[in-house]
Amino acid sequence: MPQILKNVNLKPYNTFGLEVHAKELAVCSSLEQLLECIHDLNSNPQKHMVIGGGSNLLFSSDYNGRLIHPLIEGIEILDQNTEEVWIEVGAGFEWDDLVQYCVENNWYGIENLSYIPGKVGASPVQNIGAYGVEVQDCIESVKGIHLETGKPFSYTKEECQFAYRQSIFKSALKNKVVIVSVVYKLSKKEVFNLSYGPVKEEINRIGKPTLQLVRNTITAIRKSKLPEPEVLGNAGSFFKNPVVEQVVFESIASRYDKVPSYLLDNNKVKIPAAWLIEKAGWKGKSLGQAAVHDNQALVIINKGKAQAQEIIELSKHIIMDVEEKFAITLEPEVNII
Ligand code: EPU
């Protein structure tokens with residue numbers, strides 16, 4: 001059986017550092033333990049949810065049920081040829097350790113996703129992305145268990161329905177599965193993605209790109225903008241970057257100088273939420289113990305003793321003000337429980 005902890009303080013399990021409690025936390029260190037945990041839940045039904053590194057979660061109150069915490073690790077090379085390698089990685093493996101491992105092996109593909117907190121199992125859920133790369137670019141399949149039936153699944157990349165910060169695990173299968181492992185396909189041939197201006201500039205300044213140099217550069221950029229959760233609780237970007245019709249963008253561009261934007265394939269325009277929040281006057285502002293980060297307006301931080309409600313209140317004020325000023329409704333990227 002998994003280790004089932006009762007009345008657990010979730011502070012170490014959520015990067016916002018909130019002092020909330022869960023009735024039960026089931027730590028599953030092997031597939032057998034996970035299956036036992038699911039079987040037990042089906043015999044004795046109660047509210048439940050899967051929790052990984054807790055880096056994209058906001059508990060709005062205590063959790064009156066069982067949190068399933070899969071800690072299955074391990075990396076296996078499934079196949080390789082001169083150009084590519086396929087690896088299967090346990091859901092409980094620390095994401096950034098995987099990036100480091102791939103960099104050390106000279107495997108290209110996920111180096112731009114350096115220093116993102118969380119576990120491997122969470123990487124496909126919100127299709128983590130940064131600096132021009134999304135994890136879907138390197139995912140071959142995702143394996144796991146259906147919670148209701150205990151049956152295993154293996155979904156191809158297409159079946160995962162990836163989109164910007166979106167997948168089937170966040171939509172149709174939300175709270176219905178537990179991810180056990182992810183199969184990634186990485187390249188042995190040199191392929192860098194230097195589409196993100198500041199990364200390219202920094203690398204050109206130093207010299208020729210190498211995997212380790214890209215990793216170090218991206219880690220340094222993240223460290224300069226994003227607060228360390230151990231110091232200031234946060235869950236990275238609190239909102240998604242909104243995608244709007246061209247007319248909406250043009251109406252904003254007619255009122256402001258140099259509105260940052262990216263034109264998408266479908267002719268819609270993505271505007272950085274951080275810019276909208278900053279222009280709405282929220283950058284660096286606090287509401288009680290919750291605040292908008294000084295260096296990146298997209299991040300809401302816990303100044304130390306924030307209650308979940310303060311963070312939620314602050315996010316609602318931001319949504320309201322951005323809506324009033326720009327007629328754009330920001331959507332949280334963080335999963336509010
Ligand atoms: N900007 C502002 N004010 C700020 C910060 C940014 O106006 O305080 C504007 C600037 O014009 C800047 C633009 O917003 O050029 C974009 O900022 P940045 O490059 O920092 O990226 P982002 O769009 O705010 C997204 C991801 C991040 C990811 C970075 C880098 C989302 C929701 N967030 O942020 O992901 O690290 O790009 O690629 O898409 C996360 O998901 O938790 C996360 C940190």
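Domain bounds in this chain come from an automatic or database domain assignment. In the predicted model, that assignment gives domain 1 (3-70), domain 2 (75-187) and domain 3 (233-336). The centres of domain 1 and domain 3, taken over C-alpha atoms, are separated by 30 Å.

Domain 1 and domain 3 are in contact: 10 residues of domain 1 meet 16 residues of domain 3. The size of an interface is often given as the accessible area lost when the parts come together. For domain 1 and domain 3, about 1100 Å² is buried between them, and carbon and sulfur atoms account for 58% of it. On the side of domain 1, F16, N56 and L58 supply 59% of the area buried against domain 3, more than any other three residues.

The ligand is surrounded by 25 residues, of which Y131, Y164, R165, Y196 and E278 come nearest. By residue class, this shell divides into 13 nonpolar, five polar and seven charged residues. Domain 2 (75-187) and domain 3 (233-336) each contribute at least three residues to the shell.

Polar contacts with the ligand involve both side-chain and backbone atoms of the protein. E278, one of the residues that come nearest to the ligand, places a polar side-chain atom 2.6 Å from a nitrogen atom of the ligand. In A297, a backbone N or O atom lies 2.9 Å from a ligand oxygen atom. An N or O atom in the side chain of K225 is 3.2 Å from an oxygen atom of the ligand. Taken alone, the ligand exposes 820 Å², and 81% of that area is buried by the protein.

In terms of secondary structure, strand 8 (129-130), helix 4 (211-225), strand 13 (233-237) and helix 6 (273-279) are the elements that give two or more residues to the shell around the ligand. The contribution of helix 6, three residues, is the most from any element.

Terms used: Residues are numbered from 1 along each chain as its sequence is written. This is a predicted model: local features need pLDDT of at least 70, side-chain atom pairs count only at pLDDT 80 or more; totals for chains, interfaces and linings use all residues. Side-chain values use heavy atoms; hydrogens and water are left out. A residue is near a molecule or strand if one of its heavy atoms lies within 4 Å of it. A polar contact is a pair of N or O atoms within 3.5 Å; within protein, one must be able to donate a hydrogen and the other to accept it, and residues adjacent in sequence count only if both atoms are side-chain atoms. Accessible areas come from the Shrake-Rupley method with a 1.4 Å probe; for residues, only the protein chains shown count as cover. Helices (H or I, at least four residues) and strands (E, at least two) are DSSP runs, numbered from the N terminus. Ala, Val, Leu, Ile, Met, Phe, Trp, Tyr, Cys and Pro count as nonpolar, Asp, Glu, Lys and Arg as charged, and the others, Gly among them, as polar. Contact means heavy atoms within 4.5 Å. Buried area is the accessible area (1.4 Å probe) that two parts lose on being put together, summed over both.
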